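Let's take a friendly walk through a protein model together. Look it over first, and then we will follow one helix and its surroundings.

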Amino acid sequence: MTDARAKARTERGESRFAEGFALFAECLLTGVWIAVASLPLVTYPAAFAAGARHLGRRLAHERGGWREFTADFRAAVRRGWLVGLAGWAALAAVWVDVQAVRNGLPGGPLVGAVGILALIGAAVAGLRAAAAWRPGASWRSLLAQAGRRTVLDPAGSFLIVGGLAVVVCSAWFSAPLAVAVLGAVAAAAVAVEERYRRR
């Protein structure tokens with residue numbers, strides 16, 4: 001695949017720097033698309049799945065744009081909104097845990113730490129599932145397989161956690177910057193899944 005990419009780059013007359021910069025720009029644009037598609041709040045898994053598919057097409061030098069992203073999003077949201085709803089429920093449960101810790105619940109710090117770690121693990125598994133999504137795939141089986149990969153591939157999981165940390169820091173610094181960085185998180189999930197597949 002690397003030889004094919006190098007050949008395609010040579011045929012187009014692009015340098016490695018130009019190709020890398022184009023991919024970076026595509027990640028930023030994809031982040032905006034993901035943010036717009038996530039506005040209904042429960043559609044964020046489908047938005048990340050569509051974004052990951054778009055970036056995968058870009059890496060494979062296949063044509064694709066807003067129309068393909070929209071078609072993937074519509075296919076992913078059919079059952080993906082349930083995953084988004086479950087994610088918000090998990091966040092609410094962790095928020096209750098943190099409130100219990102703040103109110104002095106015995107053993108609260110341990111419960112709070114476990115809850116936060118579980119939420120981070122669920123977010124990583126969700127991103128890995130979104131990166132592996134294909135039209136017609138079952139979200140339930142994707143999440144089960146992604147959960148196993150999250151545990152069996154800690155290095156890849158930590159890379160995704162790093163991407164999530166960049167989004168959080170960007171949002172803290174400037175909210176509009178975090179929107180564009182969402183595409184970089186999708187790209188990180190695609191890269192981690194590709195790395196795991198090639199092992």
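## A covered helix and its neighbours

Helix H3 is mostly covered, since 12 of its 16 residues are buried. Keep in mind as you look that this is a predicted model. Among the buried residues of H3 are Pro 45, Phe 48, Gly 51, His 54, Leu 55, Arg 57 and Arg 58. What covers these buried residues? The cover includes H2, H4, H5, H6 and H8.

The helix spans 22 Å from its first C-alpha to its last, close to the 22 Å expected at 1.5 Å a residue. Just after H3, His 61 takes a positive phi of about 60 degrees.

Now turn to the inside of the model. The largest nonpolar core has 37 residues, and Ile 34, Phe 48, Phe 73 and Trp 139 touch the most other members. The helices that each give two or more residues to this core include H2 (16–37), H3 (44–59), H4 (66–102) and H5 (108–132). Also on that list are H6 (139–152), H7 (154–173) and H8 (175–198). Which helix gives the most? That is H8, with 8 residues.

Phe 48 is a good place to zoom in. Leaving aside neighbours within four places in sequence, Phe 48 is in contact with Ile 34, Leu 127, Ala 130, Leu 182, Val 185 and Ala 186.

Next, try comparing two residues of helix H2. Val 32 is located in H2, and Ala 35 is found there too. Are they buried or partly exposed? The table gives the values.

| Residue | Relative accessible area | Class |
|---|---|---|
| Val 32 | 37% | partly exposed |
| Ala 35 | 18% | buried |

Ala 35 counts as buried because its relative accessible area of 18% is under the 20% cut-off. Val 32, at 37%, is partly exposed because its value lies between the 20% and 50% limits.

Each of these two residues has its own company. Val 32 joins Val 36, Leu 39 and Val 179 in a nonpolar patch on the surface, with about 330 Å² of accessible area together. Ala 35 touches Val 179 and Leu 182, not counting residues up to four places away in sequence. Val 179 therefore turns up twice, once in the patch with Val 32 and once as a contact of Ala 35.

Finally, how far apart are Ala 35 and Arg 74 in sequence and in space? They are separated by 39 residues in sequence and by 15 Å in space, C-alpha to C-alpha.

Methods: Residues are numbered from 1 along each chain as its sequence is written. This is a predicted model: local features need pLDDT of at least 70, side-chain atom pairs count only at pLDDT 80 or more; totals for chains, interfaces and linings use all residues. Side-chain values use heavy atoms; hydrogens and water are left out. A nonpolar core is a set of buried Ala, Val, Leu, Ile, Met, Phe, Trp, Tyr and Cys residues joined through side-chain atoms within 4.5 Å. Buried means under 20% relative accessible area, exposed over 50%, partly exposed in between (1.4 Å probe, protein chains only). Helices (H or I, at least four residues) and strands (E, at least two) are DSSP runs, numbered from the N terminus. Contact means heavy atoms within 4.5 Å. Patches are made of residues with over 30% relative accessible area and no salt bridge: like charges are joined within 9 Å, nonpolar side chains (Val, Leu, Ile, Met, Phe, Trp, Tyr) within 5 Å. Accessible areas come from the Shrake-Rupley method with a 1.4 Å probe; for residues, only the protein chains shown count as cover. A salt bridge is a side-chain nitrogen of Lys or Arg within 4 Å of a carboxyl oxygen of Asp or Glu. The expected span of a helix is 1.5 Å times one less than its number of residues.
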